[in-house]
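Colleague: I would like a close look at one single part of this model. Please take one residue and walk me through its surroundings.

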Amino acid sequence: MKSFIQSNTKPKAVWKKTLIAFVIGALLLVIICIVIFNLLVARQDVSLLEQPLPASTIVYDQNKEEVLRLSPSKSEPVNYDSLPDRLIEAVVAVEDKRFFEHSGTDLQGISRAMLTNLTSGRTVQGASTITQQLAKNVFLTQERTWTRKWKELLLAQKIEKNYSKQEIITYYLNQIYFGEGAWGIKKAADIYFGIPVDKLTLSESALLAGIIKAPSALSPYRHPEEAKARRNVVLQLMKDQGKIDQATYAASIAEPLHILSSKPVNSDGLKYPYYIDQMIREAGEKYGLTQNEVLYGGLRFYTTLDSHMQEAVEDVYAQDDNFPASSSDQLIQSGAVLVDPRDGGIKALVGGRGKQSFRSFNRAVQLKRQPGSTMKPISVYTPAFEQGYSPEDTVIDEPVNFNGYQPRNAGGSYHGEVSIYESIIHSYNVPAVKLLNELGIDTGMESAKRFGLELTDGDRNLGLALGGLQEGVSPLEMAEAFSVFANDGTRIPTHTIIRIEAASGETVAEADSNERITVTDPAVARTMTAVLEGVVTEGTGVAAAITGRQIAGKTGTTEMPGTDGQGMKDNWFVGYTPQLVGAVWLGYDHTDATHYLTTTSKAAAAVFQKLMSEALVDQPVMSFPKVPAIATKSKIKDEKQKKNDDNEKKDDKKKEEKNKKKEEKKKKHEEKKHGKGSEKKKDD
């Protein structure tokens with residue numbers, strides 16, 4: 001019995017020793033990790049926080065020449081005492097509710113975000129603290145890697161050790177971007193409300209706190225309803241977190257947006273603001289970089305920008321006499337883009353007229369307007385040519401009624417039997433609708449999708465032939481679509497960014513140079529180009545012609561209701577040479593009974609002509625590929641005349657033969673008659 005007890009206690013003793021050794025080892029490992037972590041934290045240099053500016057981001061053009069440096073140099077710091085308590089509470093409530101409790105990293109927040117994202121099946125909530133955001137904006141090159149997140153963690157810990165919460169929130173509010181050219185809270189209070197920071201009310205503080213997430217999309221000047229909704233979200237969070245009571249919340253959400261009545265003008269002096277705006281947008285949409293990461297990250301952007309073309313476009317847009325006269329209280333606006341169809345590179349881009357703040361509404365990219373007749377080559381005539389139609393084929397241009405839909409031509413006239421070529425160059429509406437009806441609406445929808453245009457179920461009707469879309473398109477989308485014709489049927493996605501590098505030279509992101517989408521057969525693209533040349537040489541787009549260069553393109557307008565066809569909401573021209581595609585839109589931002597275009601469709605074509613003329617200076621003159629047996633208006637006339645002449649000749653020949661037969665018959669009759677007379681005499 002004794003030996004059994006002794007043998008039973010030995011394994012227990014071994015297990016105890018093993019457990020103790022494991023615990024001691026684990027404790028030692030934790031202690032070592034903590035020591036190493038603290039040593040790494042201690043090595044971080046965060047003194048840059050005390051300097052007003054972060055590292056500049058450098059932008060290079062297509063020739064790898066530096067064109068500008070992005071740096072928030074307009075930031076004006078304020079001290080903590082100038083920050084209202086309500087402002088701090090609003091920012092903390094929406095950006096980092098445990099800011100005053102955690103030590104730089106919020107483990108609870110990380111767990112909560114992970115659970116929410118897993119439950120939703122996608123990323124809907126982030127977990128970066130205000131301290132981490134500050135570290136990321138100021139110190140890091142913004143590579144989206146685990147290495148960067150680790151550095152961010154170390155820096156956040158060092159910031160928390162070296163600075164008080166009051167100092168951290170002050171640095172944060174002094175450095176972030178609030179949109180409309182406002183770097184830092186001082187400038188934001190001035191630009192939006194015209195008051196010093198310490199005079200901000202609860203409602204105003206909540207509005208500014210809400211803008212931080214997306215300064216462009218939540219601008220109260222351009223998106224007042226979205227900005228107000230976001231403000232109310234902030235107020236709701238403040239109520240939920242016990243910062244304000246129900247009565248205060250109810251009163252605050254009932255307040256209107258007390259922003260200045262006039263939108264701020266651009267005081268930043270930023271070079272190529274609209275192009276840079278699109279570069280920032282592309283960096284976010286394609287490569288996941290935030291606006292602050294681009295502006296603060298010390299990155300190197302290698303772009304497709306052609307500096308000469310960009311300056312030429314901006315110069316054209318700076319001259320009011322290049323555009324129709326505007327009403328006294330609202331400027332006729334415009335957006336334009338130039339794209340190389342051979343590689344998809346955006347060479348130049350301008351998103352508006354007049355003085356605009358940085359990251360204001362970019363009409364070249366963000367605009368959504370109906371494209372009018374510029375849609376016809378995409379949704380009707382390309383699929384028609386693909387199915388065997390030719391420009392010489394004819395359609396009857398006549399009044400029609402498709403279950404209540406009665407399209408009519410501009411001016412209300414009809415032209416009888418017309419060729420497809422004539423229908424396109426003169427932009428007749430009825431033939432396009434009749435042809436789409438014959439092809440099938442789904443065929444037109446599928447074709448538009450191939451050209452890169454996002455349509456909705458609401459577009460599934462015959463109005464598609466005339467560009468009657470529910471959501472509309474932007475000049476950039478139309479330029480990419482028309483690049484298919486200039487590039488032998490192949491579409492290459494448009495882009496500004498070739499490559500992004502960190503300051504160290506490490507590649508952060510790079511465009512896929514092999515991305516190519518086959519849209520249609522080269523023969524179809526060349527046929528369309530030959531027809532669209534006719535639009536410029538003898539059709540509705542003659543104002544776009546450039547002496548000595550081949551230009552193809554299409555005009556487009558949308559009618560203003562209630563003007564009997566005399567007014568337009570939108571005016572388009574999309575055209576191209578073999579090496580450059582241009583898209584131009586004109587119209588009022590806010591169209592109503594007193595604000596609409598009264599010019600003809602030549603307005604946008606004329607602006608296009610000026611843009612392309614200036615942009616193509618010193619560029620080689622190139623020719624479109626030849627297409628055999630392509631019809632032109634003169635050729636169709638010649639063929640009709642020849643056919644008529646041939647028919648007349650045949651008729652003359654028939655008459656001649658008929659007369660000849662008559663003469664021969666008459667002669668025989670006479671001979672017969674004379675013969676009988678002689679016989680009678682002889683008998684007599």
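Modeller: What follows is a look at T304, with a little on the whole chain first.

The model is predicted, so local features need pLDDT of at least 70 and side-chain atom pairs count only at pLDDT 80 or more, while totals for chains, interfaces and linings use all residues. Residues are numbered from 1 along each chain as its sequence is written, and side-chain values use heavy atoms, with hydrogens and water left out.

The chain has 21 helices and 14 strands. These are DSSP runs, numbered from the N terminus: helices are H or I with at least four residues, strands are E with at least two. Of its 684 residues, 49% count as buried.

Now T304. It sits in the loop between β3 (300–303) and α13 (307–317). Is T304 buried or exposed? T304 counts as buried because its relative accessibility is 5%. Buried means under 20% relative accessible area, exposed over 50%, and partly exposed in between, using a 1.4 Å probe and protein chains only.

Which residues does T304 touch, beyond its neighbours within four places in sequence? The contacts are Q62, Y275, G345, I346, K347, H495, T496 and I498. Contact means heavy atoms within 4.5 Å. I498 is 194 residues away from T304 in sequence. Their C-alpha atoms are 6.6 Å apart in space.

Y275 deserves its own mention. The side chains of T304 and Y275 share a polar contact of 3.0 Å. A polar contact is a pair of N or O atoms within 3.5 Å; within protein, one must be able to donate a hydrogen and the other to accept it, and residues adjacent in sequence count only if both atoms are side-chain atoms.
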